[in-house]
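Trainee: I should like to learn how strands and empty spaces are described in a protein model. May we look at one together?

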Amino acid sequence: MYWIGYDIGSSSIKAALVHAEDGSVVAIAQQPKQEMPIDSPQKGWAEQDPDFWWKHACNATQELITKHHIDKKQIKGIGISYQMHGLVVVDKDLKPLRPSIIWCDSRAVETGEALFNKVGQQKCVQHLLNSPSNFTLSKLKWVKDHEPELFKSIYKFVLPGDYIALKLSGKCVTTPSGLSEGILWDFKENALATWLLEEAGIDPSLVSEIRPSFSEQGTVSKRGAMESGLPEGIPIMYRAGDQPNNALSLNVMLPGEIAATGGTSGVVYAISDHEQTHEHTRINSFAHTNHTADQPRIGKLLCINGTGIQYSWIKNELTQGLSYHDMNLKAESVPIGSNGLQIIPFGNGAERMLENKDKGSRILNLNFNIHKAPHLFRAALEGIAFSFVYGMEILKNDGVHITSIKAGSDNLFQANIFAKTIASLTKSEINIVETTGAVGAARAAALAFGDFKNMTEATASDAIQQTFSPDTSSTAYKEAYQKWKKELNNYLHN
């Protein structure tokens, strides 16, 4: 018997089958094979057709079933992970009224700021843990203000993962975790923030039925089965946004545990048991997948835009064809601290953790008589690692007590210097585990159904690929970091 999981991204749709007995991976499919387009009708806008996601989810399902000779009757149920903060609006026939306004669309920034000022900072922080900012509610308010005739036809608004579940089941259902990422969940009242909807002039009836992340959220309808190729009647048992789900996929579920990613941008997602924040201008706080009022589990999300994109820029523009592996090896020939060469990596737009400043990147202390290409490579990796550590200090200031760090085997964590620097400065082991969001979603659905007792049991078949332990024998990491942080603070205040 199997469970199927979906990861509804903006670049592609992934689907994964796992064994119901032990959670081990059977197969993973990705559709389309080329990156999905993102439409930008105006500067700062980003839209996708929700039915395009559905089409490729169905294609990925068919690929898994046919290519791997799976008897679809042995698929027990479904879990869904999805790109966060998107908005899909549907009419009474459950058809999209317009393209989805997705996570990277910035049109609603001013709308969210106006709502934040209207409601008041104190109430937003105490009840929502965030500003409405540019999240789902603000995008819906933008539609109300700028597309009033279309707004009148809205029956429900849903998140991207909710829409895939809708296509499967024919029902509009969402979760507290999903509502929290849209800044629609009142943590103080443990309920939908109806007062905020009313302040925005939005009828709370537009919100879907709310069910826990781990629970039955509908079953596959006759139409959903016909289009997807899945069996009719199997349950949808789990749903979460991609960052909470990434943490779950790595079995990051308890206070103090951290899930880190190091791709084009970097993310540090820390679990806390405190429903308070005073770093709301630099991080975001959402309900984790296992959050309840009685046992709070808050995912504190810190995003760093200028990370892997900087290292890839150096590779593409300055190395004349070197691979990342070769760059990493050359960097290891240089001592900790790169002989004084430092790089501030923030060159990919405004950084939320730096109070939304967009200061660009900077190379410091370059000496043409000392520094060569390997120094540049090491300084780049160290600068990115230092930015992660700087972000973790913000999280500590917000009540996170780090107990462990886990990461997938993505680009930056393949560089020993990067991972070793973070481990040594945080005094925490970093365990590298190869998994995907679609696999995690499938296992979470199995957990919700009762096939596993906890995520530790569900992920038992995942081997730790590598462990980076702190280097406690040297003060060089700390000295290099303190010099970098001093330069960063000077940079930010000049």
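Trainee: How many bridges join strand β20 to strand β21?

Mentor: This is a predicted model. In it, β20 covers residues 404-407 and β21 covers residues 430-433, and the two strands run parallel. Within this pairing, I405 stands opposite I430 in β21. The number of bridges that join β20 to β21 is 3.

Trainee: Which strands stand at the edges of the sheet, each with a single partner strand?

Mentor: The sheet is open, has 7 strands with mixed pairing, and follows the order β16-β17-β15-β14-β20-β21-β22. A strand with a single partner has one side left without a neighbour in the sheet, so the edges are held by β16 (284-287) and β22 (464-468).

Trainee: At what angle to β15 does helix α10 run?

Mentor: Helix α10 is formed by residues 242-249. The helix lies across β14 (257-262), β15 (266-272) and β17 (298-304). Its angle to β15 is about 70°.

Trainee: What volume does the largest cavity have?

Mentor: The structure holds 1 cavity of 30 Å³ or more. Its lining includes F157, V158 and L179, and β8 (156-158) and α7 (176-181) each supply at least two lining residues. By class, the lining has 6 nonpolar, 5 polar and 1 charged residues. The volume of the largest cavity is about 70 Å³.

Trainee: Which residues lie nearest the centre of the second largest pocket?

Mentor: This pocket has a volume of about 310 Å³. Elements giving two or more residues to its lining are α13 (373-397), α14 (416-426) and α17 (476-492). Of the 16 lining residues, those nearest the centre are S424, L425, T426, K427 and K478.

Definitions and conventions
Residues are numbered from 1 along each chain as its sequence is written. This is a predicted model: local features need pLDDT of at least 70, side-chain atom pairs count only at pLDDT 80 or more; totals for chains, interfaces and linings use all residues. Side-chain values use heavy atoms; hydrogens and water are left out. On a 1 Å grid over the protein atoms alone, a cavity is a set of points where a 1.4 Å probe fits but cannot get out, and a pocket is an open set with protein on both sides within 12 Å along at least five of seven lines; lining residues have an atom within 4 Å of a point. Grid points are joined across faces, edges and corners, and a volume is the space filled by probe spheres set on the points. Helices (H or I, at least four residues) and strands (E, at least two) are DSSP runs, numbered from the N terminus. Ala, Val, Leu, Ile, Met, Phe, Trp, Tyr, Cys and Pro count as nonpolar, Asp, Glu, Lys and Arg as charged, and the others, Gly among them, as polar. Two strands pair if DSSP finds at least two bridges between them. Contact means heavy atoms within 4.5 Å. Axes are lines fitted to C-alpha atoms, for helices over the stretch in contact, and angles run from 0 to 180 degrees between N-to-C directions.
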